[in-house]
Amino acid sequence: MRIIYICLLAAALMNVGGCAMFDGDKARPDADTARPSVRTSLPDSAQGEYNRAAQLWRSDDTSSDPKASLELLGAVVAQAPDYAPARRMRGFTLLQLGEKEEAFEELTRAVRLDPSPAMYASRALVCLRSNTPVAATRDVEYALKLDPDLAFGYAVRGQISRKHGEVKDACSDFSKACSLGNCLALEDAKKDNLCK
């Protein structure tokens, strides 16, 4: 009877969705997932909707009108389900609307379509904003392992350190991100008197 209970418990834990799936000690990014062909362009009908969604986009990965963005990006992925940039934007829009699990799932789809360092760093940011810092750390460390010059990766890792109160590490990563061309996080930290 005990074995049945343990098996049922294990099966239930394996079905836990979202960033929580990656918060265990042995969890790892989906690097071994088979990579489907990645769409690099959109059909004309989807391109217009993607462009309208992009016009609503801000530098902090949020939309000025998230409901409109979600509708536009939903139409794009309906026509081009293998277009990773639309999946990424849709994931951040879902996060902005408070749909954390769906946001994670959308970024996971983007990572599976395009397992690039930038996509892993994007999913790390979703996990961080969803309060799953272990998963966020795992994804951003993997992104930086793949590309040690990924400015966005250092900015995300700095945000993780900042959330944990590790000011010195946060400022170091923000400075590194800025030296690589992404100064937004460092500017914000300076405004908050966190970094010099």
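This short talk goes from the overall make-up of the protein to the packing of one pair of its helices.

Good morning, everyone; I should say at the outset that what we are looking at is a predicted model, and I will keep to what has been computed from it.

Starting with the whole protein, there are 10 helices and zero strands, so that, if you follow the elements from the N terminus on, you read α-α-α-α-α-α-α-α-α-α. The protein has 196 residues, of which 42% count as buried, and its exposed surface comes to about 10600 Å², with carbon and sulfur atoms supplying 53% of that area. As for how the chain meets itself, if we take the contacts with a separation of 6 or more, then 58% of them are accounted for by residues 24 or more positions apart.

Let me now turn to one pair of helices, namely α2, which covers residues 44-55, and α4, which covers residues 84-96. How do these two lie against each other? Helices α2 and α4 pack at an angle of about 40°, their axes being 11 Å apart, and since angles under 35 degrees would count as roughly parallel, α2 and α4 are therefore described as oblique to each other. The crossing of α2 and α4 is, in addition, left-handed.

Which residues make this contact? On the α2 side they are Y50, A53 and A54, and these meet P85, A86 and M89 on the α4 side. Sorted by class, the contact of α2 with α4 consists of six nonpolar residues, with no polar and no charged ones.

Thank you, and I am happy to go back to any part of the model.

Note on methods:
Residues are numbered from 1 along each chain as its sequence is written. This is a predicted model: local features need pLDDT of at least 70, side-chain atom pairs count only at pLDDT 80 or more; totals for chains, interfaces and linings use all residues. Side-chain values use heavy atoms; hydrogens and water are left out. Axes are lines fitted to C-alpha atoms, for helices over the stretch in contact, and angles run from 0 to 180 degrees between N-to-C directions. Helices (H or I, at least four residues) and strands (E, at least two) are DSSP runs, numbered from the N terminus. Angles under 35 degrees count as roughly parallel, over 145 as roughly antiparallel, 65 to 115 as roughly perpendicular and the rest as oblique. A crossing is left-handed if the near helix is turned anticlockwise from the far one by less than a right angle, and right-handed if clockwise. Contact means heavy atoms within 4.5 Å. Ala, Val, Leu, Ile, Met, Phe, Trp, Tyr, Cys and Pro count as nonpolar, Asp, Glu, Lys and Arg as charged, and the others, Gly among them, as polar. Buried means under 20% relative accessible area, exposed over 50%, partly exposed in between (1.4 Å probe, protein chains only). Accessible areas come from the Shrake-Rupley method with a 1.4 Å probe; for residues, only the protein chains shown count as cover.
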